[in-house]
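Please open the model in a viewer and display the backbone as a cartoon, with side chains available on request. The tour below proceeds by selection, each stop naming what to pick and what is found there.

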Amino acid sequence: MRFSTSTGQRRTADSGFTLIEVLISMFILTIGMLSLLGVFGLSMSATMTAQEDRIAKQLAQDAFESIYTARDTNNIPWPSIENVSGGGSGIFVTGLQPIKQAGADAIVGTADDAAAPAQVFTLPGPDGIVGTADDVTVSLTNFKRQIVITDVLSGGGTVADLKNVSVTIQYTTPQAALAKQYVLAGYISQYR
């Protein structure tokens, strides 16, 4: 763009960014970088708690499978698959309990687990193979398990051959002050 001045000289106007435009673009870039940094922090936090989440899931599945195995092998009679507080002949302890190895009955979450040693979780070491010298042993002292077994209601009455099982694993992570929970729920039938 050309224009003339009062002195009659011709000058070319510089096309470029003004200081205001540069400041605005820097402000927008700063906001974008800060939000990206926040997402990075969240992903790091999720990565740090992934091991505890995986262990909680495995502990819940182990408890569920223990109940199914006890039923399938006739280790315990069907009326015993309920909580101790159920008023019947139930064997599963109520409330959150420390994670212990299975007691003499080989079923986790029962009263005989109180005398058993604390359970530990073995993870593969740097070689990625479990059972070698570099394996990592994780203490489960920050995990607790609760098994709740209730009757299934249908049409105003209970279904005698079906029970609702809920396994809750409560745990804390080093990054979070609040306890996290993993819940696995399903049904178990008297029949295999």
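Helices and strands here are DSSP runs, a helix having at least four residues and a strand at least two, numbered from the N terminus. With that convention, the segment after β8 (180-189) is the place to find R192. The model is a predicted one.

**Whole chain**

Begin with everything selected. The protein contains 1 helix and 8 strands, and their order from the N terminus is β-β-α-β-β-β-β-β-β. The radius of gyration is 31 Å, well over the 16 Å that the globule rule gives for 192 residues, so the protein is more spread out than a compact globule. Turned onto its principal axes, the C-alpha trace spans about 110 × 55 × 30 Å.

Now colour by accessibility. Of the 192 residues, 26% are buried. The accessible surface amounts to about 12400 Å², and carbon and sulfur atoms account for 61% of that area. Of the contacts between residues at least 6 apart in sequence, 46% join residues at least 24 apart.

**The chain end: R192**

Select R192. Its relative accessibility is 63%; R192 therefore counts as exposed, the limit being over 50%. Residues up to four places away in sequence aside, R192 touches R71, D72 and N74. For a sense of scale, draw a distance from R192 to F17: their C-alpha atoms are separated by 77 Å, with the two positions 175 residues apart along the chain.

Keep R71 and D72 on display. Their side chains meet in a salt bridge, at 2.7 Å from N to O. The two partners differ in cover: R71 is buried because its relative accessible area, 10%, is under 20%, while D72, at 35%, is partly exposed.

**The helix and its nonpolar patch**

Select F27, which lies in helix α1. F27 is exposed, having a relative accessible area of 55%. Add I20, I24, I28 and I31 to the selection and show the surface: together with F27, these residues make a nonpolar surface patch of about 540 Å².

**Salt bridges across the chain**

How many salt bridges does a search of the whole structure find? The search finds 3. Side chains of opposite charge can pair when their charged atoms come close.

Select K180 and D53. These residues form a salt bridge in which the closest N and O atoms are 3.0 Å apart. The pair links distant parts of the chain, since K180 is in strand β8 and D53 in helix α1, 127 residues apart. Both ends are partly exposed: K180 has 27% relative accessibility, and D53 has a relative accessible area of 26%.

Next, select E82 and K163. Here the closest N and O atoms of the salt bridge are 3.3 Å apart. This pair, too, links distant parts of the chain: E82 belongs to the loop between α1 and β3, K163 to strand β7 (residues 157-171), and 81 residues separate them. Are these partners buried or exposed? E82 counts as buried at 16% relative accessibility, and K163 is buried with a relative accessible area of 5%.

**The loop between α1 and β3**

Stay in the loop that holds E82 and select N83, which is also placed between α1 and β3. N83 counts as buried, at 6% relative accessibility. Which backbone atom lies 2.7 Å from a polar atom of the N83 side chain? It is the backbone nitrogen of I149. Beyond the neighbours within four places in sequence, N83 is in contact with G90, F92, V93, T94, I147, V148 and I149.

Finally, move to G90, found in the loop between α1 (19-72) and β3 (97-98). G90 is buried, with a relative accessible area of 14%. Draw a distance to S80: the C-alpha atoms of G90 and S80 are separated by 4.2 Å, although the two residues are 10 apart along the chain. Outside the neighbours within four places in sequence, the contacts of G90 are P79, S80, E82, N83 and V84. The list returns the viewer to two earlier stops, E82 and N83.

Definitions and conventions. Residues numbered from 1 in each chain as written. Predicted model: local features only at pLDDT ≥ 70, side-chain atom pairs only at ≥ 80, totals over all residues. Heavy atoms only, no water. Buried < 20%, exposed > 50% of the residue type's maximum accessible area, 1.4 Å probe, protein only. Contact = heavy atoms within 4.5 Å. Polar contact = N/O pair within 3.5 Å; in protein donor to acceptor, adjacent residues only side chain to side chain. Patch = residues over 30% accessible without salt bridge, like charges linked within 9 Å, V, L, I, M, F, W, Y side chains within 5 Å. Areas by Shrake-Rupley, 256 points an atom, 1.4 Å probe, with all protein chains shown as cover. Salt bridge = Lys/Arg side-chain N within 4 Å of Asp/Glu carboxyl O. Rg over C-alpha atoms; globule rule 2.2 N^0.38 Å.
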